[in-house]
Amino acid sequence: MALFEWSGDYETGVREIDDQHRALVRLINQLDEARSSGSSECSAAEVFDRLSDYVRYHFTAEERALLERGLPEDALRAHQAQHDQFVHRVQRLGSLQRTRTFVASEELMGFLVSWLTDHILRRDRRDLAVLEVAAEHGRGADDGSSEAALRGALAEAIGRFQHLADGIPLLLWSCDEHGRRTWFNRTAVEFVGRERELDEQAWRDAIHPDDRTRAEGELDATLASPELIRREFRLRERGGGYRHLLETLLPRYENHTRFVGLLGCAVDITQQRLGLEVLRDARSLLEGAVAARTAELENANAALKEDRARQAGLLAALSQARAQVVEAHGHAALRTLAAGLAHEMNTPLAVALANVSHLQETLPALVATPATGGTAEELAAELPELIVDTRRALSKIAVIVRALSSYVSESAQDERCELDALASSTADLLKSQLPPDVHLVLDLNAAAEVKIKPQAMLTALLELLINGGRAAAPAGQVTIRTWTGDGVVHLAVSDTGEGIADEHLPHVFEPFFTTREVGRGMGLGLTVARSSIDQAGGSILVESTQGLGSTFTITLPRAE
């Protein structure tokens with residue numbers, strides 16, 4: 001719905017002026033539409049500028065038309081003064097708007113509508129009525145008919161203005177220079193809930209008690225120093241509740257010089273205020289919720305940091321405990337190896353000792369009493385065999401000692417080792433760790449060197465042979481095989497056991513993982529083996545087929 005509806009009441013009878021009035025009404029409605037629809041700031045400002053330019057054009061054309069029709073000089077000057085006053089106020093309102101983002105305010109729209117209504121129905125029609133009467137009766141007629149016609153024309157103009165003012169959805173009133181309100185439009189009367197007339201006291205009583213003193217003070221200040229102002233207050237409506245109004249006070253002048261009162265134009269902004277309050281409440285609630293949530297997140301973050309610190313401490317303790325357990329397992333494996341080596345060395349050592357003891361018992365008797373006959377012959381026959389058995393036993397011990405000595409080194413650096421020889425000597429040391437019915441097979445074809453600490457290979461092979469021997473028993477086989485690849489050397493330990501279940505394969509190298517019965521193993525053997533190979537810069541993988549056995553393959557870089 002348009003803010004300003006054109007009707008026949010606005011017709012002045014001068015086509016040129018009426019067409020320009022229609023154009024002004026259209027521009028005011030366009031400005032209101034740009035404001036109401038939320039168009040861009042640029043769009044509203046452009047419409048305002050077009051309106052300002054057209055007003056100046058209209059005033060020039062209207063003054064020229066009145067002059068051509070013979071309007072008296074004093075009346076023309078008064079009309080021009082009203083035009084100048086409007087231009088001045090529109091420029092001032094426009095400047096106020098442009099001090100911030102341009103928005104066609106309720107104050108500006110109310111001023112444009114109320115001024116244009118007064119301009120058309122009261123001033124223009126009054127001046128044109130004077131011209132019509134003068135044309136009909138001649139200037140200076142003294143028969144009284146001219147005065148009567150002028151009064152009739154003025155009465156008609158006032159009636160048309162009243163009709164238009166009563167149809168505008170704005171609360172309008174006027175007061176004299178002393179502040180006494182002498183006129184209210186019908187919208188104001190019906191808003192307050194009066195049946196007919198609305199007087200000064202009733203209007204004052206309708207203002208909210210908390211706003212009344214301030215509103216009266218603002219009115220008195222404007223009367224003392226007339227200027228356009230806008231203010232906000234609450235006014236009691238027909239139903240007894242209070243509505244928020246935005247009111248503009250426009251000074252009125254006679255002949256552009258004498259102040260004769262104010263024109264008030266108020267618009268109901270209660271819904272806008274309620275909307276702003278809802279937005280403020282929503283913003284307050286949102287800010288409170290955000291603050292509460294932020295506090296919760298900060299508390300949760302602080303708790304998380306504490307938990308992480310505790311977890312870090314627990315992980316450090318767990319890592320230390322795991323290292324201690326792994327070290328203890330390594331010591332236990334070495335104790336097992338030592339026991340096996342002691343067993344391996346005990347048999348040849350017992351043979352050597354027995355032979356030496358036999359000789360020790362026999363030789364003194366032969367030296368003291370030269371042997372003749374059977375005793376000397378028997379000793380001569382036994383002596384070569386005793387010497388051979390003793391040499392064989394001592395040689396076996398020497399082999400074990402030499403193999404073991406290669407793993408004893410104070411150096412922390414890797415050593416260049418021929419993998420096949422290292423695997424063979426290691427197997428000699430460790431084959432005693434296999435069950436008696438498990439056969440060890442060597443298939444060594446690498447013929448290449450690697451850089452590794454011998455102790456690391458000893459540790460890895462010890463764990464793999466123990467693991468393979470348990471899997472291959474009873475009466476199975478463990479095979480150690482070597483071969484070369486592209487810049488690498490491989491060593492595989494295979495067994496003919498039952499194999500590893502598919503669901504267990506991803507976990508075989510995890511610490512403490514075991515499929516053995518509780519108390520029969522700690523699940524650290526393969527973990528120790530992988531750790532030893534990792535430290536040497538190699539890798540270890542497992543392949544297994546259930547029913548056919550498993551293969552653990554060590555891959556090491558080939559020595560340059």
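Let's start in a loop: P474 sits in the stretch between α12 (454–472) and β9. This is a predicted model, and in it the peptide bond that joins A473 and P474 is cis, with omega at about -5°. Follow the chain out of that loop and you arrive at β9, so it makes sense to look at the sheet this strand belongs to.

That sheet is open and has 5 strands, in the order β7-β9-β10-β12-β11, with mixed pairing. Which strands stand at its edges? They are β7 (439–444) and β11 (539–545); each has a single partner strand, so one side of each is left without a neighbour in the sheet. On average, neighbouring strands here are turned by 15° against each other, direction ignored. Helix α11 (residues 419–430) packs on this sheet, where it touches β7, β9 and β10. The direction of α11 makes about 170° with that of β7.

Now zoom in on one pair of strands. β9 (residues 477–484) and β10 (residues 488–495) are antiparallel partners, held in register over 7 bridges. To find one of the pairings by eye, pick R481 and look across to β10, where its bridge partner is A492. As background, strands of a sheet pair through backbone hydrogen bonds, either parallel or antiparallel.

One more loop is worth a stop in this part of the chain. Between β7 and β8 (449–452) you'll find A447. A447 isn't a glycine, yet it has a positive phi of about 50°.

Next, head back along the chain to another sheet. This one is also open, with 5 strands, and the order is β2-β1-β5-β4-β3, with antiparallel pairing. At the edges stand β2 (181–184) and β3 (229–236), each with a single partner strand, so one side of each has no neighbour in the sheet. The twist from one strand to the next averages 30°. A helix packs here too: α8 (residues 209–224) touches β1, β2, β3, β4 (242–254) and β5 (258–268). Its direction makes about 145° with that of β3.

You can walk across this sheet pair by pair. Begin with β1 (residues 171–175) and β2, which pair in the antiparallel sense over 3 bridges. Here W173 stands opposite F184 in β2, while S174 stands opposite W183. The hairpin of β1 and β2 has 5 residues between the strands, and G179 in this hairpin takes a positive phi near 90°.

At the other edge, β3 and β4 run antiparallel and are joined by 8 bridges. F233 has L245 in β4 as its bridge partner. The hairpin of β3 and β4 has 5 residues between the strands, and there G240 takes a positive phi near 105°. Moving one strand inwards, how many bridges join β4 to β5? There are 10, and these two strands also run antiparallel. E247 stands opposite A266 in β5.

While you're on β4, have a look at R243, which is found in this strand. Its side chain makes a polar contact with the side chain of D268 at 2.9 Å, and another with the side chain of T270 at 3.3 Å. Leaving aside residues up to four places away in sequence, R243 touches several others, including F191, F233, R234, L235, E237 and Q271.

Finally, let's look for empty space. In general, rolling a probe the size of a water molecule over the atoms shows where empty space is left. A search of the whole structure turns up 3 cavities of 30 Å³ or more, and the largest has a volume of about 60 Å³. Which residues line the largest cavity? They are L24, I28, L51, V55, F86, L112, W115 and L116. The elements that give two or more residues to this lining are α1 (15–36), α2 (41–68) and α4 (106–137). Of these, α4 gives the most, with 3 residues. As for the character of the lining, its residues divide into 8 nonpolar, no polar and no charged.

Terms used. Residues numbered from 1 in each chain as written. Predicted model: local features only at pLDDT ≥ 70, side-chain atom pairs only at ≥ 80, totals over all residues. Heavy atoms only, no water. Pairing = 2+ DSSP bridges. Helix = DSSP H or I, 4+ residues; strand = E, 2+ residues; numbered from the N terminus. Axes fitted to C-alpha atoms, helices over the stretch in contact; angles between N-to-C directions. Contact = heavy atoms within 4.5 Å. 1 Å grid on protein atoms, 1.4 Å probe; cavity = no way out; pocket = protein on both sides within 12 Å on 5 of 7 lines; lining within 4 Å. Points joined across faces, edges and corners; volume = space filled by probe spheres on them. Nonpolar A, V, L, I, M, F, W, Y, C, P; charged D, E, K, R; others polar. Polar contact = N/O pair within 3.5 Å; in protein donor to acceptor, adjacent residues only side chain to side chain.
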